[in-house]
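Visitor: I would like a close look at one part of this model, namely its largest pocket and the residues that line it. Please also touch on the backbone features that deserve attention.

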Amino acid sequence: MNCIRRLFALVLLGFSLSTFSLLSWTQTTEGPDPASTVAVGAQYDTTHVYVSPSDVDAFVASFLGTFGGKSTKQVIATVTPTPSKTTSQLLQTPVGTVSLFGFLTPIPTPFGAERTGYLVTNMDAAIKKAKASGADVVVTPFPDPIGVDAVIEFPGGVKTQIYWHTTVPSYTPFVTVPENRVYVSPDAVNKFLHSFLAFSDGRVVLDQPTSPGSEIGVPGTTSRRIQVESVFGKLLVLVTDGHLPYPYGRETTGYEVDDLGSTLQKATSFGGKVLIQPVTLQGRTSAMVQFPGGYIAEIHSPISSAGH
């Protein structure tokens, strides 16, 4: 009798866990659960930009000249768990934030391969959630001058740094939320989506199986295009076979501006170079710009306000 009871209890537990897993996945795809999310807000998340120390000042002048905003005071710090030294500053604009690094020493691996930094409410909870989602913790938590960091990798090879700050920051929300642009293969996309949605408590806004290939520099073809939103902000997943002409796949962030034409004029006047001239599709007019130091960004305006 005791064996039967234990077997029944195990079956009931297994059913409960599978039901909980199903409910969790359903909840994740439909929208964030404020009680479980570890995200803080899009304005606290940054694009990581690494340039040569000799290009730092030129990049700062060009990026802020193009988008407006301000820089925090530049400091020299160790921002990795092993010995290193870099200049570090935060460029805050109405359309996106950059964590800028000018390493004075060789850059320890895997730093420089992470695309973005997400501020989290609790590092332990974020690590636990990352692992549960299927992400790999490639750099375990370590202290930095203002808090704790770690690096996680989602299926498909997408690396992201996560932060926790000792002193809670307070930043003004963006005028327009930037777009984290991720390129993944058809084999990895479903695993990536499952993992990212579970970690971020995000939702798929739009999934286009046959989006025009012109958006990734391959006109006359189609590819899958997926828009995701979460408390972390916007994510655009571009599913490709990897046959991409330069500079597609090199850009990590898309910035939305009111007037693309005037923004491109500002960019070029401050030392930027337009790599891809404006093209109109997907309800936007988009271009690719390279800033001093080599950072490449996609910049776009909604068609209704593209300034052309």
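Guide: What follows is an account of the largest pocket, and then of some backbone features, in this predicted model.

The largest pocket has a volume of about 570 Å³. Its lining comprises 31 residues, and those closest to the centre are Ser88, Leu90, Ser99, Ile146 and His165. Two or more lining residues come from each of strand 1 (46–50), strand 3 (75–77), strand 4 (86–93), strand 5 (96–103) and strand 9 (158–165). Strand 5 contributes the most, with 4 residues. Sorted by class, the lining holds 15 nonpolar, 11 polar and 5 charged residues.

Strand 5 also leads to a backbone feature, for the loop between strand 5 and strand 6 (116–119) contains proline 110. The bond joining threonine 109 and proline 110 is a cis peptide, with omega about 0°. A further cis peptide bond runs from tyrosine 246 to proline 247, where omega is near 5°; proline 247 lies in the loop between strand 13 (233–239) and strand 14 (253–256).

Positive phi values also occur. Aspartate 201, in the loop between helix 4 (189–200) and strand 11 (203–212), has a phi of about 55° although it is not a glycine. Aspartate 201 is buried, because its relative accessible area of 3% is under 20%. Glutamine 282, likewise not a glycine, has a positive phi of about 55°, but is partly exposed at 25% relative accessible area. Glutamine 282 belongs to the hairpin of strand 15 and strand 16, which has 2 residues between the strands. Those strands, residues 273–281 and 284–290, pair in the antiparallel sense over 6 bridges, and threonine 280 has threonine 285 as its bridge partner.

Terms used: Residues numbered from 1 in each chain as written. Predicted model: local features only at pLDDT ≥ 70, side-chain atom pairs only at ≥ 80, totals over all residues. Heavy atoms only, no water. 1 Å grid on protein atoms, 1.4 Å probe; cavity = no way out; pocket = protein on both sides within 12 Å on 5 of 7 lines; lining within 4 Å. Points joined across faces, edges and corners; volume = space filled by probe spheres on them. Nonpolar A, V, L, I, M, F, W, Y, C, P; charged D, E, K, R; others polar. Pairing = 2+ DSSP bridges. Buried < 20%, exposed > 50% of the residue type's maximum accessible area, 1.4 Å probe, protein only.
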